[in-house]
Amino acid sequence: MILTQIRKIIFDNFNNIDVRFNNDQILELLRKDQNFDQSITIDDLETQFKKIEADGLVRCIAQNFTTKWFKLYDSMKKFTCNSCNSDVFLGDDESRVCPNTECGATL
Ligand SMILES: [Zn+2]
């Protein structure tokens, strides 16, 4: 579930509302995981990044060709979803809903 991995990476590395980070940095961190499909490109992740923007986790503050810079709206917290039994990472201001698309339980 790439969306969950992206949220986890932001939580682990950029959980600070003053920090800027970009999609290339996140892809680089995703690739450190041996199980991650190494053929995935930044273009393949576009919908995922649009989703976390639409969900209200991050806002895009600058764009240079395919590189998109983001900042968090709010710091993130870790929750455990009892429905799908996974760790989920949400911005403080986001709805307390499991971001796993197949789940969507209220936390
Ligand atoms: Zn869930």
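## Aromatic pairs and a polar contact

Let's start with N100: its side chain makes a polar contact with the side chain of T4, at 2.7 Å. Keep in mind that this is a predicted model. N100 is found in the segment after β5, and it counts as buried because its relative accessible area is 9%, below the 20% cut-off. Setting aside neighbours within four places in sequence, N100 is in contact with M1, T4, C84, S86 and V88. So T4 turns up both as a polar partner of N100 and in its contact list.

Now for the rings. A search of the whole structure turns up four aromatic pairs. One of them joins F11 and F89, whose ring centres are 4.8 Å apart with the planes at 40°, so this pair is tilted. F11 sits in helix α1 (residues 2–13) and F89 in strand β5 (residues 86–91), so the pair ties together parts that are 78 residues apart in sequence. As for exposure, F11 is partly exposed at 21% relative accessibility, while F89 is buried with a relative accessible area of 4%.

Another pair is made by F49 and F70, and this one is stacked: 5.5 Å centre to centre, with 10° between the planes. Here F49 belongs to helix α3 and F70 to strand β3 (residues 67–72), so the pair ties together parts 21 residues apart in sequence. Both F49 and F70 are buried.

Here are the two pairs together.

| Pair | Centre to centre | Angle between planes | Class |
|---|---|---|---|
| F11 and F89 | 4.8 Å | 40° | tilted |
| F49 and F70 | 5.5 Å | 10° | stacked |

F49 deserves another look. Its helix, α3, covers residues 46–54, and F49 has a relative accessible area of 3%, so it counts as buried. What does F49 touch, leaving aside its neighbours within four places in sequence? The contacts are I6, N23, I26 and F70, and that last residue is also the stacked ring partner of F49. For a sense of distance, the C-alpha atoms of F49 and Q63 are separated by 13 Å, with the two residues 14 places apart along the chain.

The F49 and F70 rings also belong to a wider group: F14, F21, F49 and F70 form one aromatic cluster.

One more ring to check is W69. R20 lies over the face of W69, at 4.4 Å from the ring centre.

Conventions
Residues are numbered from 1 along each chain as its sequence is written. This is a predicted model: local features need pLDDT of at least 70, side-chain atom pairs count only at pLDDT 80 or more; totals for chains, interfaces and linings use all residues. Side-chain values use heavy atoms; hydrogens and water are left out. Helices (H or I, at least four residues) and strands (E, at least two) are DSSP runs, numbered from the N terminus. Buried means under 20% relative accessible area, exposed over 50%, partly exposed in between (1.4 Å probe, protein chains only). Contact means heavy atoms within 4.5 Å. Rings of Phe, Tyr and Trp (its six-membered ring) pair if their centres lie within 6.5 Å; planes under 30 degrees apart count as stacked, over 60 as edge-to-face and the rest as tilted. A charge sits over a ring if NZ of Lys or CZ of Arg is within 6 Å of the ring centre and within 35 degrees of the ring normal. A polar contact is a pair of N or O atoms within 3.5 Å; within protein, one must be able to donate a hydrogen and the other to accept it, and residues adjacent in sequence count only if both atoms are side-chain atoms.
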